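I opened this notebook to keep track of what I looked up, one entry per topic. The structure comes first, then the entries.

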Amino acid sequence: MAVLRCFINLTFLLLLLASNLANAQSFIGINYGQQADNLPPPEATAKLLQSTSIQKVRLYGSDPAIIKSLANTGIGIAIGAADGDIPALASDPSFAKNWVNTNVVPFYPASKIIVINVGNEILTFGDENLKNSLLPAMQNVQNALNDLSLGDKIKVSTVHTMAVLQQSEPPSAGMFHSSIGDLMKGLLEFNKATGSPFMINPYPYFAYRDDTRPETLAFCLFQPNAGRFDANTKITYMNMFDAQVDAVRSALNAMNFRDVEIVVAETGWPYRGDDNEVGASIENAKAYNGNLVAHLRSMVGTPLMPGKSVDTYLFALYDEDLKPGSGSEHAFGLFKPDLTMNYDIGLSRSSSGQTPSSNPSKTPPATPRSSTTPSTKPKKEAWCVPKADVSDAQLQANIDYVCGHGFDCSPIQPGGACFEPNTIKAHATYAMNLLYQTAGPDPLNCDFSQTATAMMVVLTLAGVPEKQRTQLFSENRETTNLSGSNLGGIRSSIVNKLKVIECESSATRVPN
């Protein structure tokens, strides 16, 4: 009955994980800049966004036409108070009340405003008056929301550049500049007290621009590379995004703000630039943004924040032809003004990158008749398995994601039907494959920070007695059509990549 127990437990996990993944795209947002003279109407943009898996939009201001166009879409909206408004917001509570009454009250809750960012990158580019006025301005906006009983529904924050860090390498040594220490402490105390996020703009593109070695490009683009070892934590980082975000995490932890959430307010890669702008190309932009989305969808998180994808706003929705600066500043847009894509990174709801569980139109599999006995004929299946030479620490992070979010991992716990062989690789394969089988057989769903790969194997229940196969099938016919697969594990490998994962010796698995 061990096969039956393992199957039932796995069936339950699959269904529970499918439920949790229903809103799995909520961590993907996009920046909607307006420094352009050729943008489509807000209503057209709202329809475009609804055709994608993008669930949040960040505005740099509070354009009422855009906010209104997003009403009743369910898309979260981050609006901004202009840098120039900060002195008045700080010195005059009534100005803050009027600002909220003008830019929030007429639209909320139909328009799902979730964050008000007071200023943009003030601690890096603002003068001393703006820096010193920033926290009082945020406090007055918060008080204005509190007076309207909106303080627990709409958060108040501000956006920072990576330049607020004095050190970011290795990630464990991340720390804020001592010159802004007091200002940062006050802002973080505000974030902690109100539950608002710390908003940061990591750009691996700029890191590559300063170090154009091929290995740096691969590290920035989530492509195969040797990784970068952090001797303090014994973690090997496989991409720049994780390294930058974890450097911010370390800086927050060093100031004892471990419970302040990080949100990536901007990140992106230009698809063209001036002749002297190395790395600005469609190929690199597609690789960075596409692999970032896949990384977020894997829900592995970062090494210091495993098991949760950081809310990330991609930069940007459209090109902005009126922005000052180099050619690359005009070429971060994912979409053209005519609403077609500059390049495809799998954000369309109809694309392969969309997980089936988040597509409400997906038809459930037909329920087999209970009188049917599952066939013993071998069946080809795709499985998500660890890559060769992946460290135990990376695999453990993958296990922690699945098992750390309320799922029953008893089958791979001591005494469980799938505990043996007691290796991290075997247990990681079990956990990683749950996500892959649920999210759909697409390589994007078998990313796990590039520690996994999808492989084809042939599965059969030929070794399971007919009575048990019939019982297994009939008891689960109402919830799944996976009864023809042995979900306990898989045996052997193609070119030695897949190690022995023997969950039940009575079940025969034949490698393809």
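I started in the loop between β14 (312-314) and β15 (379-386), where I found Ala 316. This is a predicted model, and I read every entry below with that in mind.

Entry 1, cis peptide bonds. I looked up the bond from Phe 315 to Ala 316 and found it cis, with omega near 10°. I noted this down because most peptide bonds are trans. I then looked up a second cis bond, which joins Tyr 108 and Pro 109 and has an omega of about 10°. I located Pro 109 in the loop between α5 (93-103) and β4 (113-120).

Entry 2, positive phi. I went back to the loop between β14 and β15, since Leu 339 lies there as well. I read a positive phi of about 75° for Leu 339, although it is not a glycine. I also checked its surroundings: Leu 339 is partly exposed, with a relative accessible area of 30%. Next I looked up Ser 149, in the loop between α7 and β5 (155-161). Ser 149 is not a glycine either, yet I read a positive phi of about 60° for it. Is Ser 149 buried or exposed? I found it exposed, at a relative accessible area of 52%; the cut-off for exposed is over 50%.

Entry 3, helix α2. I asked which residues of α2 (residues 42-50) are buried. My list holds Pro 42, Thr 45, Ala 46, Leu 48 and Leu 49. Looking down the axis of α2, I saw that these buried residues fall within an arc of 160°, so they line one face of the helix. I then looked up what they pack against, and wrote down β1 (28-32), β2 (56-59) and α3 (64-69).

Entry 4, helices α7 and α8. I compared the axes of α7 (residues 128-147) and α8 (residues 181-194), which come within 9 Å and cross at roughly 15°. Angles under 35 degrees count as roughly parallel, and α7 and α8 are therefore roughly parallel to each other. I recorded the crossing of α7 past α8 as left-handed. On the α7 side, I listed Lys 131, Asn 132, Leu 134, Leu 135, Met 138, Gln 139 and Gln 142 as making the contact. On the α8 side, I listed Leu 183, Gly 186, Leu 187, Phe 190 and Thr 194. How many residues of each class does this contact have? I counted six nonpolar, five polar and one charged.

Methods: Residues numbered from 1 in each chain as written. Predicted model: local features only at pLDDT ≥ 70, side-chain atom pairs only at ≥ 80, totals over all residues. Heavy atoms only, no water. Buried < 20%, exposed > 50% of the residue type's maximum accessible area, 1.4 Å probe, protein only. Arc of directions from axis to C-beta. Contact = heavy atoms within 4.5 Å. Axes fitted to C-alpha atoms, helices over the stretch in contact; angles between N-to-C directions. Parallel < 35°, antiparallel > 145°, perpendicular 65-115°, else oblique. Left-handed = near helix turned anticlockwise from the far one by under 90°. Nonpolar A, V, L, I, M, F, W, Y, C, P; charged D, E, K, R; others polar.
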